[in-house]
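I opened the model to look up the contact between the chains, then a few backbone details. My entries follow in the order of looking.

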Amino acid sequence: MSSPRLREILASRVFKLVLAAAAGFVALALAALWGLGAIAIAQIDAAQSGRIQERLEFGTFLFEAEGPEAIIEAVMRSGRPIWDEDAIYAVLENDAELAVLRGPDDTVLAGYPGLYAWPDEPDAVLDHPEIFHPVTAEAITLGEGYVLAVGRFVPDDRAELQTFLRFVTGALLVIVLPLALITGFLLSRSVLKRVLAISQTADRVAAGALAERAAVTGAGDEFDKMAGALNRMFDQLEATGRNIEAVSIGVAHDLKTPLANLRGRLELIDRDRKRPEDVARHAAAGEAHLGQVLGIFDALLRLGEVEAGQRRQAFRRFDLSALVAGMGESYAPLFEDADKSLGQAVAPGLDVQGDPDLIQQLIANLLDNALEHARDGARVQLSLTPLPEAAVLSVGDDGPGISPVLRDRVFERFFRADASRSRPGNGLGLSLVKAIADLHGATLELDPEAQGAVFTLRLPRG
Amino acid sequence: MQVLLLEDNAETAAFITSGLSEIGWQVERFATPEPAILRLGGGGIDLAVFDRMLPGMDGLDVLRLVRGAGVTVPVLMLTARAGLDDRVAGLDAGADDYLVKPFAMAELIARLKTLARRPPQMSLEATERVIGDLRLDRVGHRAERGGQPLDLSPLEFKLLDCLMAHEGEVVTRTMLLEKVWGYAFDPKTSLVQTHLSRLRAKVDRGRETELIRTIRGAGYVIAAP
């Protein structure tokens, strides 16, 4: 398993999605933060401005009612109209207002002379040797050249809030984005690693290594599911490949032999044309060879027809018990003649849904198989047993059975346990049995528990 | 016997024509459906053999046309397809029998002779069949020969009944599989031969005359000597 390359990681979907998601989260968080911050600051500013306005309105009232003297009186601190520098400390401490009243010739009549604020000028300045705290101030012209300015120290909250906002913004950008980068990298690398492992396996299978399988970690996660599904596909692919191989060899071998024999007979007919009885003999033998070839084609066509599933329209309910019992009766003499015996245990009255013609062929093929392969003197048992959900049909002998190695392969096309192919048969009978079982949604197995070769078919009763 | 053969393949047509000529039947061969349909309407035909795959037309449609026109001549369909449904479709369309290519000439002749001998209705409904000293009681499910009851299994009884219904005619292995067993396939094993030899043992063994005979390469025939 090779590790994913950087380029592959950067190009991966997971990486891009993690980055996009992180950027989205940061943007959203910043928008919320700054929105709420702006509201809080506006509230602080409004409160400040409200108190300043209050004072200015009061000053205006005093001026209009009693003239500048009343304002001077009101602004006075410690009995003096002009504040010294120490008075500012008290203002700062008490969260009070700064004020200054300037006369028509700009002379300071009362308040702190270092507060510079003019009407229609937004910026205000507090000139103090030690206090550099920012202030907000507003000024109005009272009439006759008198200008009253009122100010307040900007509360610490406001500055703190702004600092906080700036800090959080920085932190979000500096910490979260790189973190997202790292997370995305690690995440996409781990995902890519699994995906690459699976896709590389698929590539190897595609390149011909049909036995390769994707690793399943056992965690039961989505990758295991994908690997499992792919492995099942590979199994099918491998089986199909083996099947095609077997079919090619089977067709080549099983067709070639009778055709070669037929050709031999034709040559013999040519040689013996003066002896009619020999010609008749050769013709009969040639016909038998040809019959073998045609039998293989018939079986292949029937197999194709069944596997294509077209026959499902012919499904109907029928009495399986009667069908099985009838076949048992038909076949029993054949077993006797072959020095074998056919025992029957058929439960009566079992109905199933299916194609009776095909089920008949299925049972016939199983019985043909037993007739051909069971040893002499064998006791073959044909039984039909009801289960709540299925009808269980079994055909088995009491012989040595089929070796476990070959057990899975007996249903393959052209498979012959006898590799020399010297026995009769074409290796298609059990393939057809399997195809008919599949068409009926039935399970078919060669019972591994049983002594002897026992084929068990479970046909759903539904 | 006047046979109409509708078959576009020249080699198959020649094979069938020569086979039927050998038993003294006259064959009129047509390669296209239209003149054949006209000829059938004209009368004087005893039997018809249709190929299913014809140029430009399905043999089944030809058959439907002919039957629609009220022609009752027995028709045997030939087909290259061994599909299970094809047989049912052929019989539904009004064919009297159905044969899958490739076939043996003996099989075709046996089936055509059965068709030619109609009406089968009567023989199907008979309550008793008698051939020589062999009697078959179809109501009581009993059989006897020379007055002695024969101990037949139900299957052997059906087999004998089928043979006797075709007295003097060759009944082929596949015909027996269809009629007695109801199998739409050909088992690899010698199912028919085994049961027939058992039946023969019960009917003919130890008798002076043999009623059931094997016709090599064709089938079986039951007939009084």
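Entry 1, the contact. I looked up which residues meet across the chains: 19 residues come from chain A and 19 residues from chain B, two residues being in contact if their C-beta atoms, placed from the backbone, lie within 7 Å. On the chain A side, the elements giving two or more residues are helix 7 (276–307), helix 8 (320–337) and helix 9 (356–373). Helices (H or I, at least four residues) and strands (E, at least two) are DSSP runs numbered from the N terminus. That side of chain A has eight nonpolar, three polar and eight charged residues. Here Ala, Val, Leu, Ile, Met, Phe, Trp, Tyr, Cys and Pro count as nonpolar, Asp, Glu, Lys and Arg as charged, and the others, Gly among them, as polar.

Entry 2, conventions. This is a predicted model, in which local features need pLDDT of at least 70 and side-chain atom pairs count only at pLDDT 80 or more, while totals for chains, interfaces and linings use all residues. Residues are numbered from 1 along each chain as its sequence is written, and chains are lettered from A and ligands numbered from 1 in the order in which they are written. For the complex, the predictor gives an ipTM of 0.79 and a pTM of 0.63.

Entry 3, one helix pair. I noted that helix 8 of chain A packs on helix 9 (residues 191–204) of chain B at about 85 degrees, with the axes 9 Å apart. Axes are lines fitted to C-alpha atoms, for helices over the stretch in contact, and angles run from 0 to 180 degrees between N-to-C directions. The two helices are therefore roughly perpendicular (65 to 115 degrees). Ser330(A), Pro333(A), Leu334(A) and Asp337(A) meet Leu191(B), Thr194(B), His195(B) and Arg198(B) there.

Entry 4, backbone. Which residues other than glycine have a positive phi? I found Asp106(A), at about 70 degrees, and Glu144(A), near 55 degrees. Asp106(A) sits in the loop between strand 1 (97–102) and strand 2 (108–111) of chain A; Glu144(A) is in the loop between strand 5 (135–143) and strand 6 (146–153) of chain A. Asp106(A) counts as exposed because it has 8 C-beta neighbours inside 10 Å, and Glu144(A) counts as exposed because it has 10. The cut-off for exposed is 12 or fewer other C-beta atoms within 10 Å of the residue's own, C-beta atoms being placed from the backbone. I also found a cis peptide bond from Lys101(B) to Pro102(B), with omega near -5 degrees.

Methods
Parallel < 35°, antiparallel > 145°, perpendicular 65-115°, else oblique. Buried ≥ 20, exposed ≤ 12 C-beta atoms within 10 Å, placed from the backbone.
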